[in-house]
Structures are given as C-alpha cells and as structure tokens.
Amino acid sequence: MSNKVVNVNLTGGIIGLLGDSPKNKLNKVVEEESKNGYRVVQIIPAASANLLLSLLRSILLVITLFFYTKSEGYYIIFEKK
C-alpha cells in the first residue's frame with residue numbers, strides 16, 4: 001500500500017472568481033490520480049496562519065489591481081493498494 005499527498009493550488013482575485021473553480025480543479029486532480037489507481041482518502045483545506053504570507057498575498061492583490069493573487073488551496077491524500 002502506498003500513499004500520496006497532492007497540493008491543489010487555487011487562484012484568487014478577479015481571475016480566480018471568474019475562471020478558477022475549486023470544484024473543477026479538485027475533480028480534475030482526483031480524476032487524474034484515479035486513472036493511476038489511487039483513491040481519495042481525505043481532502044484537507046490548506047489553511048495557513050502565517051501572517052507574512054497573508055500580507056504578501058494582500059500586497060500582490062493590490063499591485064495587480066485585484067486581478068490576481070495566490071489563494072489557499074487543498075491537500076488531497078490518496079492511497080493505492
């Protein structure tokens with residue numbers, strides 16, 4: 001039995017609102033790994049309590065006029081028998 005952790009990154013800002021669906025991104029990753037024989041064990045939100053990271057994301061959002069920033073994503077844990 002082997003395990004695998006995949007980090008799914010999301011995009012924030014206006015670009016994220018209009019074109020980056022978390023549901024579609026998660027489905028795409030799960031479907032891809034299912035083809036390789038893995039099954040989902042757990043999906044965990046990648047919440048970071050890092051103040052510096054939050055500040056940098058906010059600055060990036062302002063610099064890009066609210067069009068783009070990195071957003072919190074998800075960790076997906078897979079297993080393969």
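In this predicted model, F66 lies in the loop between α3 and β3. The phi angle of F66 is near 65 degrees, a positive value in a residue other than glycine. With a relative accessibility of 48%, F66 counts as partly exposed. The loop between α3 (51-63) and β3 also holds L65, and here too the backbone deserves a look: L65 has a positive phi of about 55 degrees although it is not a glycine. For comparison, most residues other than glycine have a negative phi. L65 has a relative accessibility of 61% and therefore counts as exposed, the cut-off for that class being over 50%.

A word on confidence is useful before going further. The protein chain averages a pLDDT of 92, and 100% of the residues score at least 70. Within the chain, confidence is lowest in helix α1 (residues 13-19), where the mean is 88, and highest in β2, where the value is 95. Where pLDDT is low, predicted coordinates should not be read in detail.

The loop that carries L65 and F66 ends at β3, and this strand leads on to the sheet. Three strands make up an open sheet with antiparallel pairing, and their order is β1-β3-β2. The edges are taken by β1 (2-12) and β2 (39-45); each has a single partner strand, so one side of each is left without a neighbour in the sheet. Averaged over the sheet and ignoring direction, neighbouring strands are turned by 25 degrees against each other. In general, strands of a sheet pair through backbone hydrogen bonds, either parallel or antiparallel.

The two pairings can be followed residue by residue. Strand β3 (residues 69-80) runs antiparallel to β1 and is joined to it by 10 bridges. Along this pairing, V6 stands opposite I76 in β3, and V8 stands opposite Y74 in β3. On the other side, six bridges join β2 to β3, again in an antiparallel arrangement. In this second pairing, V40 faces F78 of β3 as its opposite residue.

Helix α2 (residues 22-35) lies across β1, β2 and β3, running at about 155 degrees to β1. What residues make up the largest nonpolar core? This core has seven: V6, V8, L26, V29, Y38, I76 and F78. At least two of its residues come from each of β1, α2 and β3. One of the core residues, I76, illustrates how these elements meet. Apart from its neighbours within four places in sequence, I76 is in contact with K4, V5, V6, V8, L26, V29, V30, V40, Q42 and I43.

Two further core residues, Y38 and F78, deserve attention for their rings. A search of the whole structure finds one aromatic pair. Y38 and F78 form this pair in an edge-to-face arrangement, with 6.4 Å from centre to centre and 70 degrees between the planes. Since Y38 lies in the loop between α2 and β2 and F78 in strand β3, the pair ties together parts that are 40 residues apart in sequence. Y38 and F78 are both buried.

The same two residues appear again around E33, which lies in helix α2. Is E33 buried or exposed? The relative accessible area of E33 is 6%, so this glutamate is buried, the cut-off for that class being under 20%. Leaving aside neighbours within four places in sequence, E33 is in contact with K4, V6, Y38 and F78. Of these contacts, V6, Y38 and F78 belong to the largest nonpolar core.

P22 is also found in helix α2. Its relative accessibility is 33%, so P22 counts as partly exposed. Leaving aside neighbours within four places in sequence, P22 is in contact with L10 and Y74. The C-alpha atoms of P22 and N9 are 9.0 Å apart in space, while the two residues are 13 residues apart in sequence. Y74, one of the contacts of P22, is the residue of β3 that stands opposite V8.

Note on methods. Residues numbered from 1 in each chain as written. Predicted model: local features only at pLDDT ≥ 70, side-chain atom pairs only at ≥ 80, totals over all residues. Heavy atoms only, no water. Pairing = 2+ DSSP bridges. Helix = DSSP H or I, 4+ residues; strand = E, 2+ residues; numbered from the N terminus. Axes fitted to C-alpha atoms, helices over the stretch in contact; angles between N-to-C directions. Contact = heavy atoms within 4.5 Å. pLDDT = per-residue confidence, 0-100. Core = buried A, V, L, I, M, F, W, Y, C linked by side-chain atoms within 4.5 Å. Buried < 20%, exposed > 50% of the residue type's maximum accessible area, 1.4 Å probe, protein only. Phe/Tyr/Trp six-rings, centres within 6.5 Å; stacked < 30°, edge-to-face > 60°.
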